[in-house]
There are 2 protein chains.
Amino acid sequence: MFAEIISIGDELLTGQKVNTNAGFICSELAGAGIPVQRIIACADNVDAIQEQFRESLERAMLVIVTGGLGPTRDDMTKQSAQQFLNRELVVDRQTYERTLDRYKLLGKKPVSSLCENAMVIGDSVVVQNDEGLAPGMIIACEERFQGHYLVLLPGVPREMKSMMRNSVLPYFSGLCGTVIVHSHIKTTGIGEASLAKIIVEIENTLPDGTSLAYLPHTAGVSLRVSSVGTDRSSVEHDNREITDAIVSAARHFVYATSDISLEELVGSLLLKEGVTIATAESCTGGLIAGRLTDVPGSSGYFEQGFVVYSNASKEKNLGVRRETIETCGAVSEEVAAEMAEGCLQRSGVHMAVSSTGIAGPDGGTELKPAGMVCLGLAIRKEGEGVRTETETFVTRGDRLQNKLRFSEAALRMVWKALRS
Amino acid sequence: MFAEIISIGDELLTGQKVNTNAGFICSELAGAGIPVQRIIACADNVDAIQEQFRESLERAMLVIVTGGLGPTRDDMTKQSAQQFLNRELVVDRQTYERTLDRYKLLGKKPVSSLCENAMVIGDSVVVQNDEGLAPGMIIACEERFQGHYLVLLPGVPREMKSMMRNSVLPYFSGLCGTVIVHSHIKTTGIGEASLAKIIVEIENTLPDGTSLAYLPHTAGVSLRVSSVGTDRSSVEHDNREITDAIVSAARHFVYATSDISLEELVGSLLLKEGVTIATAESCTGGLIAGRLTDVPGSSGYFEQGFVVYSNASKEKNLGVRRETIETCGAVSEEVAAEMAEGCLQRSGVHMAVSSTGIAGPDGGTELKPAGMVCLGLAIRKEGEGVRTETETFVTRGDRLQNKLRFSEAALRMVWKALRS
């Protein structure tokens, strides 16, 4: 079974919106063993939409359409599909009652468009929308397109995603009698090419029905292992076996086997261990603190942070010695160590992490190029005093990429210290 | 003239990459008065590519293709186009010599694929690639597609963008004898709907050839005014007139008429005025400092920042009085004021900005809901002592959106103080 995706909306064709919905659907379908052969973005225009339905249904067994299901004048999808398929529109009672209940709950007066909203294409499987109003539809086509399916979903990403995951994928898996299992492997501190080298043998001998997707982003690489088959226990077995093999081969870089960020993992470890943390940042300019506090509940372990951009503020706030700065330079492991230690002392926490480097594009030298950072980590252990470690990390991106990767490297140091 | 965009690459169909190239091209073409009627993402497959060339050229006068021009096995675009158009491939001497020079410059040994890389489709206008190796092509079709154009560009965004702006758009403007002028208007502190209300009359009476695009993002709304016509002076006149009218109508919210961020503008004002700044952040967790230091050269005005998450650290680092916290609550304009003043005193800067609020999703109350922030700004003026202002700002997003909007509101306070 092949699929095509039609994304409807003028805003996609004027460059005002990037089509992220299609990427999500592709990724979900790929995991279900249904390859996508085309994505088409199409205007809010009945003729264009119907022409596209025809073209896509001629090629693909499954055509998933997003957008244009709302109540406004420029929402044309339902009307286009109804005419194209030559079917009646009927009221879906369940949708009608749900939306009525929702209006009552909000204390709003029901409006006449509620009824219009609950109209669906006859003989379709209605996909209930738990996140919004407009219902989705799975339509088994007839006559010329017998055996082909047209699926209509709203364009609001939150609604579409939940309907896709909770209804559409299970429907087609059920239809094909297939079971799908995914696992996520999150890595840090290794690039896509190096990771691919480490796991090349595993990748070359994947069992039938299991596929591996690399999802690289600025700060790291995520992997998704997807297994599809007809027998649940063997699908789960295959998936677990490959996941375990990858985790073992790349164990120095894998920080999680669920879809969480490094700061979320670090946060949960800090909370679990009852460890408090503070930050002392120069070149990252608050980004380490920012990422740590992006996690809800971070006030449970994050005490405070210093952004010490000038040398004077490094001395004054953290007690870095002028001599160290003059002898070793502001960007040095020595200064990073004193920053972390000073931060630890003054914050009364268990752990302090520091950064001093050159985010670029200017300010680099041959010995200390833009993209270089020195990191420090000071840890206070009961009865053992303070242990400090430092590290130098070099990357090569633009200013914002460098800052992000520096902060990733700092969080990585914290993670490694917490798991050891 | 209508256009279609074909984006080639398997990675677009597996969900590994989001098609941002198409959005850029749409936006550029819209500004040039060439509407896009479809975007198609298509696999690295000769048959599929050729079928798509045919379908798109049947509908559109201009078909822009990105991706698949590189040297690897799965790059199929050039070969597909050559067969489809039934033309020879010829060596483009200029491309060959440029790439040879580049290799010599890098001290690399020329490889045989350099020649292959320099092969272009016969009778095409070659688009030189200043950012990479693969040349682009503008091809005037013949026979069945007489009068239609096929444009091939690489998929690397940096290369594609520069070729699009420097060669492709000027070529088609020249062909149509048109002149295009854009202007950017950047606003802060106003939503799309409210902004639209303020400028509704201007928008309803735009002169022919001038269009207005809203580009909303999490922290604010940007506007782009595009004017197209045949006479440069009248195009420029129309564009300036509309831009001036919008800037005047929305003057309280417009911070720039060029495509820069609020932190870039604030940075340039601080530098120009010789004003130094420090930050004292609670709920924004370092994001204000982070944004200020995202700007290259920010060490010229950014002195230091405090991230004071706990009450104890607010007292210790900034001298906030325990009594104020107990009486007014940590989230209060009183605490924001003391944070800013304490930060100003301890940093020895001219200006200190502070934030204390509830980023959410938890921690809100009826009186102080998640999404509420109190901001403080303390300013030291020679001979006038310290002036402090405070502000409460409420928004309703998820945790990260709230943090971003809080930081935007804080930068907005700084901007307003600097321009007054």
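This is a short dialogue on reading the contacts, strands and salt bridges of a predicted two-chain model.

Student: What should I know before I start reading?

Tutor: The model is predicted, so local features need pLDDT of at least 70 and side-chain atom pairs count only at pLDDT 80 or more, while totals for chains, interfaces and linings use all residues. Residues are numbered from 1 along each chain as its sequence is written, chains are lettered from A and ligands numbered from 1 in the order in which they are written, and side-chain values use heavy atoms, with hydrogens and water left out.

Student: Let's start with the interface. How many residues does each chain put into the contact?

Tutor: Contact means heavy atoms within 4.5 Å. Here chain A gives 56 residues and chain B gives 56 residues.

Student: And how do I put a size on that?

Tutor: Interface size is often quoted as the accessible area lost when the parts come together. Buried area is what two parts lose in accessible area (1.4 Å probe) on being put together, summed over both. Between chain A and chain B that comes to about 4200 Å², with carbon and sulfur atoms giving 49%. On chain A's side, A:Leu13, A:Arg38 and A:Tyr309 supply 14% of the area it buries against chain B, more than any other three residues.

Student: How many polar contacts and salt bridges cross between the chains?

Tutor: For a polar contact, look for a pair of N or O atoms within 3.5 Å; within protein, one must be able to donate a hydrogen and the other to accept it, and residues adjacent in sequence count only if both atoms are side-chain atoms. The interface of chain A and chain B has 38 such residue pairs, both residues at pLDDT 80 or more. The residues on chain A's side split into 25 nonpolar, 21 polar and 10 charged, where Ala, Val, Leu, Ile, Met, Phe, Trp, Tyr, Cys and Pro are nonpolar, Asp, Glu, Lys and Arg charged, and the others, Gly among them, polar. A salt bridge is a side-chain nitrogen of Lys or Arg within 4 Å of a carboxyl oxygen of Asp or Glu. The rule finds 8 of them across this interface, and 35 over all chains.

Student: Which strands of the two chains pair with each other?

Tutor: Strands (E, at least two residues) and helices (H or I, at least four) are DSSP runs numbered from the N terminus, and two strands pair if DSSP finds at least two bridges between them. Strand S2 of chain A (residues 36–42) and strand S2 of chain B (residues 36–42) pair antiparallel over 5 bridges. One position to look at is A:Cys42, which stands opposite B:Arg38.

Student: Does B:Arg38 turn up again, and is it buried or exposed?

Tutor: Buried means under 20% relative accessible area, exposed over 50%, partly exposed in between (1.4 Å probe, protein chains only). B:Arg38 is buried, at 2%. Its side chain meets A:Glu51 in a salt bridge (3.9 Å, N to O). That pair crosses from helix H3 of chain A (residues 46–59) to strand S2 of chain B, and A:Glu51 is partly exposed at 30%.

Student: What other salt bridges cross over?

Tutor: One of them is B:Arg59 with A:Glu55, whose closest N and O atoms are 2.7 Å apart. B:Arg59 lies in helix H3 of chain B and A:Glu55 in helix H3 of chain A, so this pair joins two chains. A:Glu55 is buried, at 14%. Another is B:Asp294 with A:Lys403 (2.6 Å, N to O).

Student: How do I read a strand inside one chain?

Tutor: Check its partners and its faces. S1 of chain A (residues 3–8) pairs parallel with S2(A) over 6 bridges, with A:Ile6 opposite A:Ile40. 5 bridges join S1(A) to S3 of chain A (residues 62–66), also in parallel, and A:Ile5 stands opposite A:Ile64 there. Because 6 of the 6 residues of S1(A) are buried, the strand is largely enclosed by the rest of the structure.

Student: And where is there a hairpin?

Tutor: S10(B) and S11(B) form one, with 2 residues between them. 8 bridges join S10 (residues 210–217) to S11 (residues 220–229), running antiparallel, and B:Tyr214 stands opposite B:Leu223.
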